[in-house]
Each structure stands twice: as C-alpha cells, then as structure tokens.
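Student: I have a model open and want to go through its pocket and its nonpolar cores. Can we take them in turn?

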Amino acid sequence: MNTIKTNNGRKVVKISLIFFIFINVVWLGLPFTMAILWSLVDPQHPWSYPDLFPQKLSLARWKIVWEQTSLATALFNSYTIAPAVAILSLLLATPTAYAFGRMTFKGKAVAEMLTLIPLVMPGMIIGIFFSSMLISLNINNTFMSIVIGHTVLTLPYSIRIMSAGFKSIPQDIIDASRDMGASFWGTFCNAFLPMLKPSLLASLIFCLVRSLEEFSISFVLGSPDFITVPTILYSFLGYSFVRPDAAVVSMILVIPNVILMIIIERLLKGNYLSQSTGKA
C-alpha cells in the first residue's frame, strides 16, 4: 500500500511540475522571448509573415529609440521618483505596521482591511482624485504630486510586508534587550532592526518596482510635460504604433523590475529569523 501511495504521489508531483512549467512558458516565456526578438529587429529588414524569425538582428532599434524619443528624460524621472516613493512609503508604513504586528486593539481587523483599499481602486481614479486635491491645495510641483500619488498606491504593500516582519520577531529577544537596560532606541537597533532587514529591503524593492511600472497616476498628474518610462511605452500603443519601438521600451521597463524581483526572492528565500536566533 505504501508503494502504491508513493508511486501515485510521484506521478501527481511530476504532472503538477510539468503543468507548472508549461503554464510559465506560455504565460511568461513566450511573451518575453517575443519582446526580445521584436526589440532586436533590424529597421532595414522588417519581420513579417511568413518569416518565423527576424531576418537580421541588431541593436539599431535601441539606438533609434534612444536618440529620437525622450527616453533618457523618462528614465531619469522614473528612477528619481521610485526611490523617493519607496523611502517615503517605508517611513509612513512603519508605525502602522508596528501597530498591526505587535499590538492588539479593538478594530484591528477593520483597520487592516481599510489599508488595502488603494489596491482595489483603479490607478486612474486615484490620479484624477489627487489631481483635483492637489489643485485645491495649490501644489503645482509635478514631481511631488506624482510621488504622493505613487506613495498612496505602495503604502498597502509596505504595511503588509513590514507588519509581517514585526509580527515574526520573538518576544523573548525584545524582553532580553529591555532586561539588559537597553533604551527604546537601543532595543529597536539591537532587537528589531537586525530581524527586520529582509522586510525592510523587500518593502523598499517592491515599492520601487510598483512605482517604476505605474502609468495611470504618472499620466494624469504629469501629462503632458512630465514623462516616465510607462507613459512613453503607452504612447507607442496609439495610432503611431511601432511594435519594435514598443518592445525596446518594454525591455527597458521590464528587465530592471525582473532583477529587483529576483533580489526580493533571494532576500526572502531563507529562514532569516531562525538563522539570526541561532536555531537554523
């Protein structure tokens, strides 16, 4: 009986693994591969039916997009907004995350649910609301406006990630630090901070990625003068749609995000808490 169960279990695992690989190849592999190929199509040798692959590959399209669009400005804007959003979101989320992770109070479940509201609201609605609010407050700085809008979108992620980090810290370590006479700041630096490093870095990187790929708020609050990489990408999807140009911008937008997500996976892969307490 045990042999039959083991064989059936192996078959289920094998089928599940094959299905998982197939879904990822279809859902992620093919679009990513197509985007790479389209971004490398040589302008002098268009890729069209019945060619299965491009006749010639080159980086000429990358050069054209870089020289003939405002991509450099968009990259600068995106990569100055995103770090500001990530840091601001983390600073604003930490007190709330501490309350959710370490405290018990009436209405806690409702409060946790309310923090998720920005996740279910379309970015365009948030952008329109903020544009009206910022006009009423006489805030005319486009950079600041977009940073505020992106921060609202990223706060739920920071709060969730950080609250999980606070919740997983053993109370024994905190009590030991206090018993040894450490101040509040000393307890935070010596007991909380070392174990919160994965959550801090994951929250920063996740907010960074979310800000980099946000289009709606950037478009509503920044259009037409302030551009980001997503707004340039969406501009290629209009009447002047050129697939190779869109593929180039897509790669510029996606590749850094993939690298950042890999870093998140590495940070959260191991059992950091057990290693830090000597119980790994």
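Student: What volume does the largest pocket have?
Tutor: Keep in mind that this is a predicted model. The value is computed for the largest pocket, and it comes to about 600 Å³.

Student: Which residues lie nearest the centre of the largest pocket?
Tutor: The lining of the largest pocket counts 24 residues. Those nearest its centre are Pro31, Phe32, Ser250, Met251 and Val254.

Student: Which helix gives the most to that lining?
Tutor: Four elements supply at least two lining residues each: α1 (2-39), α9 (184-212), α11 (229-235) and α12 (243-269). With 10 residues, the one that gives the most is α12.

Student: How many residues of the lining are nonpolar?
Tutor: Sort the lining by class. Two residues are polar and three are charged. The nonpolar class holds 19.

Student: Now the largest nonpolar core. Which element gives the most to this core?
Tutor: This core has 12 residues, including Val65, Leu71, Val229, Leu233 and Ile252. Two or more of its residues come from each of α3 (71-102), α11 and α12. The top contributor, with five residues, is α12.

Student: Which residues is Leu233 in contact with, leaving aside its neighbours within four places in sequence?
Tutor: Leu233 is itself part of the largest nonpolar core, as are Ala246, Val249 and Leu253. Ser250 lies among the residues nearest the centre of the largest pocket. With those sequence neighbours set aside, the contacts of Leu233 are Ala246, Val249, Ser250 and Leu253.

Conventions
Residues numbered from 1 in each chain as written. Predicted model: local features only at pLDDT ≥ 70, side-chain atom pairs only at ≥ 80, totals over all residues. Heavy atoms only, no water. 1 Å grid on protein atoms, 1.4 Å probe; cavity = no way out; pocket = protein on both sides within 12 Å on 5 of 7 lines; lining within 4 Å. Points joined across faces, edges and corners; volume = space filled by probe spheres on them. Nonpolar A, V, L, I, M, F, W, Y, C, P; charged D, E, K, R; others polar. Core = buried A, V, L, I, M, F, W, Y, C linked by side-chain atoms within 4.5 Å. Buried < 20%, exposed > 50% of the residue type's maximum accessible area, 1.4 Å probe, protein only. Contact = heavy atoms within 4.5 Å.
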